[in-house]
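Student: Could you walk me through this fold before I head back to the bench?
Tutor: Gladly; have a look at it first, and then ask whatever you like.

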Amino acid sequence: MSLYERLNEGAASPPSKMAGRNRSLDELRHRIHSSLIEELGPILYDKRLSEDELRRKVRDALQTALAQERAPISAADKAQLIQDVSDDILGYGPIDKLLRDDDVSEVMCNGPDQIFVERSGKLSVANVTFVDELHLRRIIDKIVAQVGRRIDESSPLCDARLPDGSRVNAVISPLAIGGPFLTIRKFAADPLQIDDLIRFGTLSVHAARFLQACIVGKLNVIVSGGTGTGKTTTLNVMSSFIPDGERIITVEDAKELQLNQEHVLSLETRPPNIEGKGEITIRDLVKNTLRMRPDRIVVGECRSGEALDMLQAMNTGHDGSLTTLHANNPRDSLSRLETLVLMAGYDLPVRAIREQISSAVDCIVQLQRLRDGSRRITHITEVAGMEGDIITLQDIFLFDFSAGVDEQGRFKGQLKPTGVRPKFSEKLAENGIRLGPEMFAPSGGEGTAMNRGRR
């Protein structure tokens, strides 16, 4: 059928009864939602009520409001309407079912009328909307209040989290034009394990064994990558390799890491109060961890002067520390680390910073989100030392882009050893961990072609 015929067909066909019925249900939902919010407003925030009691009161009020409505609706539509309004008032509104959908990894609300979701690395429009801006704002306030934070005109930006650890960012007026804006990066209720990453193709079996050896052997590792590449997920999986007998302290903006070891202390930053006072930054927390007798320090992300404190901790006996930062490749991650150290406010010579980095950092794990939507580790790189004023790197594992893509456009390549044995093998051997030569053997002589050591 031609475009002209489709347009004529659309113009000729009258609005369906189904569309009219859906509009009527939406209008009814809007009326009932508004009246219940007005009637139950104070009760919704009464912490003395249990969740079951609150749900019962909302259900009773819903039944009463529906009985007063003259609109004839079927039993199925009535049940769906009750569920929708209950989600609106008690849960997270129309995005509640998206958050329960295991296939959805991210929910993005570009205002009340436009909601996008990410599935398998691809964006699509969700067929749900909020009632209005006030409805979306009430959901944002509810999420923010759960973690003891605030969002208002004086502080219109907020990072928070859901009870399951999912990352939340909210922006409201006057910064959000056409907003409010709400972005939720979902975290699985059951955290991913190394077997899951191998199954997804994020890394290979040999690379997984190698990373496990690095963590158990107390190497200092940086997980690097762009936004949404899976840095926090990878950091969480790598942290699971830390032996149970060690004291682990995590430092994050909003708590996301889900470690299962017995001896874990989690620290979280605090924003300033309404007077602009009382802020506790990541740098403050990293400094404080040094007084808490840590065996391992895990920093969710270095994005400012705390990078200097992290490097000093790595250089003063806190081996096996882990962190993430934003960078597009291992070389860029070192440049970014230099910049972050300078943000600490000290006029340090570049050579001194680079010497600190080369002696503190042992390994860089680089992640990338490929155009097929998959998240892959593309480099596992050793920080080999200094040559003059330059930090030398050598790739231990590299992703094989030369394998091409399949019929569906998915990359067929894997993370493969380059044939280079890392210098820190001696350090691992001192800790009782010996890496066999088969771990670094390139298949088919690819290692020499892919990389031959230093860059």
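**Strands, a helix and a crossover**

Tutor: In this predicted model, helix H6, residues 133-146, lies across strands S1 (104-110), S4, S5 (167-171) and S6 (181-185), and it runs at about 45° to S6.

Student: In what order do the strands of the open sheet come?
Tutor: The order is S3-S2-S1-S6-S5-S4, an open sheet of 6 strands with antiparallel pairing, and the twist from one strand to the next averages 15°.

Student: Which strands stand at the edges?
Tutor: Those are S3 (122-125) and S4 (157-161), and because each has a single partner strand, one side of each is left without a neighbour in the sheet.

Student: How many bridges join S2 to S3?
Tutor: Strand S2, residues 115-119, is joined to S3 by 4 bridges, the two running antiparallel, and Glu118 stands opposite Leu123 of S3.

Student: Switching to S11, how many of its residues are buried?
Tutor: In S11, residues 322-326, 4 of the 5 residues are buried, which leaves the strand mostly covered.

Student: And in which sense does S7 pair with S11?
Tutor: Strand S7 (221-225) pairs with S11 in the parallel sense over 5 bridges, with His326 of S11 as the bridge partner of Gly225. Strand S10 (296-299) also pairs with S11 in the parallel sense, over 2 bridges, and the chain crosses from S10 through helix H11 (306-315) to S11 in a right-handed β-α-β crossover.

Student: Last one: what is the average pLDDT of the protein?
Tutor: The average is 84, with 88% of the residues scoring at least 70, but over residues 1-20 the pLDDT is below 50. Where pLDDT is low, the predicted coordinates should not be read in detail.

Technical notes:
Residues are numbered from 1 along each chain as its sequence is written. This is a predicted model: local features need pLDDT of at least 70, side-chain atom pairs count only at pLDDT 80 or more; totals for chains, interfaces and linings use all residues. Side-chain values use heavy atoms; hydrogens and water are left out. pLDDT is the predictor's confidence in each residue, from 0 to 100. Contact means heavy atoms within 4.5 Å. Two strands pair if DSSP finds at least two bridges between them. Axes are lines fitted to C-alpha atoms, for helices over the stretch in contact, and angles run from 0 to 180 degrees between N-to-C directions. Buried means under 20% relative accessible area, exposed over 50%, partly exposed in between (1.4 Å probe, protein chains only). A crossover is right-handed if, with the strands pointing away from the viewer, the path from the first strand over the helix to the second runs clockwise.
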